[in-house]
Every structure is written in structure tokens, then in C-alpha cells.
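Welcome, and please take a moment to look over the sequence and the model. We will walk through a few places together, one at a time.

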Amino acid sequence: MAQPEVKTESVGTVVVAGAANLAIALAKLVAGMISGSAAMLSEAVHSVADTTTEVLLYLALRRGARPADARHPFGYGKESYVWAFLAAVFTFVAGAGFAVTHGVTTILVHEHSGDYLVSYVVLAVSFAIESVSLARAVRQVRAESRRWRTTPRRFLRLTSDTTVKAVFLEDSAALIGLLLAAVGVALSQLTGDELWDGVASILIGLLLLVVATVLARNNISLLVGRSVPERLRREIADELTRLPAVRRLDTLLTMQLGPADILVAAKVDFDDEASGATIEAAADEAERRLTARYRQIRYVFLDPTRTPPGVTRPPADPDA
């Protein structure tokens, strides 16, 4: 059985996003300290959280691709969801928590004491850099959605590759956060009221909260043991029912073992006259067909079973 491999494109997407976020975080931190803007400091923490997230996602890709061994016969694919979940938690605690708290503090007690110009410059540069990172994530999403013959939106909703999903959502949130920070700083400058700077910081925190919640729920679902999307499940069922000597597919179970690993298990009713050799050949053919058509399918198990009494079996497919 072939072993899982690190998805090179996903690694590249994560590395580009991490490098961009690190550079942006430093620039925002300096701008926030010089300008005294709560929104800028919240954006700095936002970028620090994103950078830490990329490190955790990189670990997810590397550790999740380790080969199976005696203690983990199905490999380490699910470990990638553990690290991705920790990344979502960090975004929730560090990013959203700081932004909301600092925004409230700014509204209550803070007075702006610095230069606004540096904030605008850093925000503009950050927007350009984040756009480059997001563009790479968008390219990967579009390529993957074409390969799966679905829309980018549906791919993002159903994909088991949490790394590309996390980068796409975080970069999108980063661009929105930059716009919120720019509006907050501009309104504070125009009105002389720090309320708007604090409100922008709170909104940035709430934005991070939404992203962290979406990613956490997705990773929890995958850790528990999520099945493949319904369309893929139907296609797998069709392949199995077209096997020679197969009369009925009683049960079909699937599970995402990792971003690139799928387990398929089925109870199959074969012809009563089918010999042991015929059943063995059908099982081998099932694995060959499914793994050839879907490279993510790594394990295929068929359990020959009898049709329950009282259940009428459909006629055999003459084209099978």
C-alpha cells in the first residue's frame, strides 16, 4: 500500500502565508506602537496569530504524512487535524481575545498620541502582501475544485485539506481586517474620537472569532470521523455495484483518515453461485478501480454478506 505524501502545493501555500504574516506582523507592531492605534495593535496580534497558525499547519502537514506503523496501522493523517484544531484555538484565544479586550480598553480610557501616516502606509503595504498570499490560496482552491469537478465554494465547505481552507479563510479575514483598521483609524483622525479606533479593534476580534469557530468545528468533525461528501459516496457505491458477481450493496461506510486518505468498507451480497476465487477477484477489482479513480482512497475492505430474509434482490446488471 502506498504511503501518504506531503502535498507540495499545500506546503507552499502555508509557507508563503507564514512568511507574509511574519513580515506584516512586525510592520504592524511598529506602526501600532508609533501611532498608538488600538486597531493597528489588534492587527499586529492578528498577524502574529496567523503566523503561529501557519507554523502549526506546517506541522500538521508534516506529521500527518508520516507512514503507517504497527501502532498506527492507518497512518497519522488524523494528527493533522489535531494541529489544525490547535491553530484555530490559538487564533480564538490570542487573536480574538486580545483584539476585543484592547478595543474595549481603547474606548474607555485610551487617547491617541501618535502619527496617523505610518498606520496608513503599513496598512497599504500589508494589504498588498496579504493579497499575494491570498492569490496563491485561491489558485490552489480553484485547481482542487476543478479536479474534484465541483465549485470552489463547495470545495472549501467539504474539503478535508484543512490547511488550504485555513489559509484561504485567514487571508480573507486579514484583508477584511485591514479594511476595518483603515476605516477605524480614518474615522478617529477625522472626528478626533478614539471610539472608532476601539470599535474597529473589536470588529477585528469578532472577525477572528468567526474564522476560528468555523475552522475548529471543521477539524472536530474530521477528528470524530467524517464520511466523504455524498456525491463521492454515490460514485463509490456505483463502482462497487458494477463489480462482477455483485447482486447488492447492503452497507457502505467511508471515513476521512487524513487530508489525502480515505477508508472504504462495505457489506456486499454476491451471487449465491459465486466461488471463493470469484469473490477474491471481485475484491481485488474493487480496490483497483477505486484507487485508480480516486487517489485519496487508500484502504478498501469488502465483507461478503447474505441478503436478509424478506429482502428482494434486484436483478443483476447485464452490463456488469
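A salt bridge here is a side-chain nitrogen of Lys or Arg within 4 Å of a carboxyl oxygen of Asp or Glu. Keep in mind as we go that the model is predicted. With that idea in hand, look for Glu235 and Arg149, which form a salt bridge whose closest N and O atoms are 3.2 Å apart. The pair ties together distant parts of the chain, since Glu235 sits in helix H8 and Arg149 in the loop between H4 and H5, 86 residues apart. Glu235 counts as buried, because its relative accessibility is 16% and the cut-off for buried is under 20%.

Stay with Arg149 a little longer. The loop that holds Arg149 runs between helix H4 (117–147) and helix H5 (152–158). The backbone of Arg149 also has a positive phi of about 55°, although Arg149 is not a glycine. Which residues are linked with Arg149 in a network of salt bridges? They are Glu235, Glu239, Arg242 and Arg293.

Now step back into helix H4, where Glu144 and Arg147 form another salt bridge, with the closest N and O atoms 2.7 Å apart. The two are 3 residues apart in the helix, so about one helical turn separates them. Their surroundings can be compared by accessibility: Glu144, at 7%, counts as buried, while Arg147, at 33%, counts as partly exposed.

How many salt bridges does the structure hold? There are 14. One more to visit joins Arg298 to Asp261, where the closest N and O atoms lie 2.3 Å apart. This pair, too, links distant parts of the chain: Arg298 belongs to strand S3 (residues 297–304) and Asp261 to strand S2 (residues 261–270), with their positions 37 residues apart along the chain. Both Arg298 and Asp261 are buried.

Another positive phi, of about 75°, is found at Ala245, which is not a glycine either. Look for Ala245 in the loop between helix H8 (230–241) and strand S1 (246–258). Is Ala245 buried or exposed? With a relative accessibility of 17%, Ala245 counts as buried.

Next, let us turn to empty space. Rolling a probe the size of a water molecule over the atoms shows where such space is left. The structure holds 2 cavities of 30 Å³ or more, and the second largest has a volume of about 30 Å³. Its lining is made up of Thr53, Leu57, Ala84, Ala87, Thr162, Ala166, Glu170, Leu215 and Asn219. Sorted by class, the lining of this second largest cavity has 5 nonpolar, 3 polar and 1 charged residues. Helix H2 (38–64), H3, helix H6 (162–191) and H7 each supply at least two of the lining residues, and the largest share, 3 residues, comes from H6.

Finally, move out to the surface. Val89, Phe92, Val93, Leu203, Leu206 and Leu209 form a nonpolar patch there, with about 470 Å² of accessible area together. Helix H3 (79–109) and helix H7 (195–224) are the elements that give two or more residues to the patch. Phe92, in helix H3, is partly exposed, with a relative accessible area of 43%. Helix H7 also holds Ile220, which is partly exposed with a relative accessible area of 42%. The C-alpha atoms of Ile220 and Leu180 are 30 Å apart, and the two residues are 40 residues apart along the chain.

Terms used
Residues numbered from 1 in each chain as written. Predicted model: local features only at pLDDT ≥ 70, side-chain atom pairs only at ≥ 80, totals over all residues. Heavy atoms only, no water. Patch = residues over 30% accessible without salt bridge, like charges linked within 9 Å, V, L, I, M, F, W, Y side chains within 5 Å. Areas by Shrake-Rupley, 256 points an atom, 1.4 Å probe, with all protein chains shown as cover. Helix = DSSP H or I, 4+ residues; strand = E, 2+ residues; numbered from the N terminus. Buried < 20%, exposed > 50% of the residue type's maximum accessible area, 1.4 Å probe, protein only. 1 Å grid on protein atoms, 1.4 Å probe; cavity = no way out; pocket = protein on both sides within 12 Å on 5 of 7 lines; lining within 4 Å. Points joined across faces, edges and corners; volume = space filled by probe spheres on them. Nonpolar A, V, L, I, M, F, W, Y, C, P; charged D, E, K, R; others polar.
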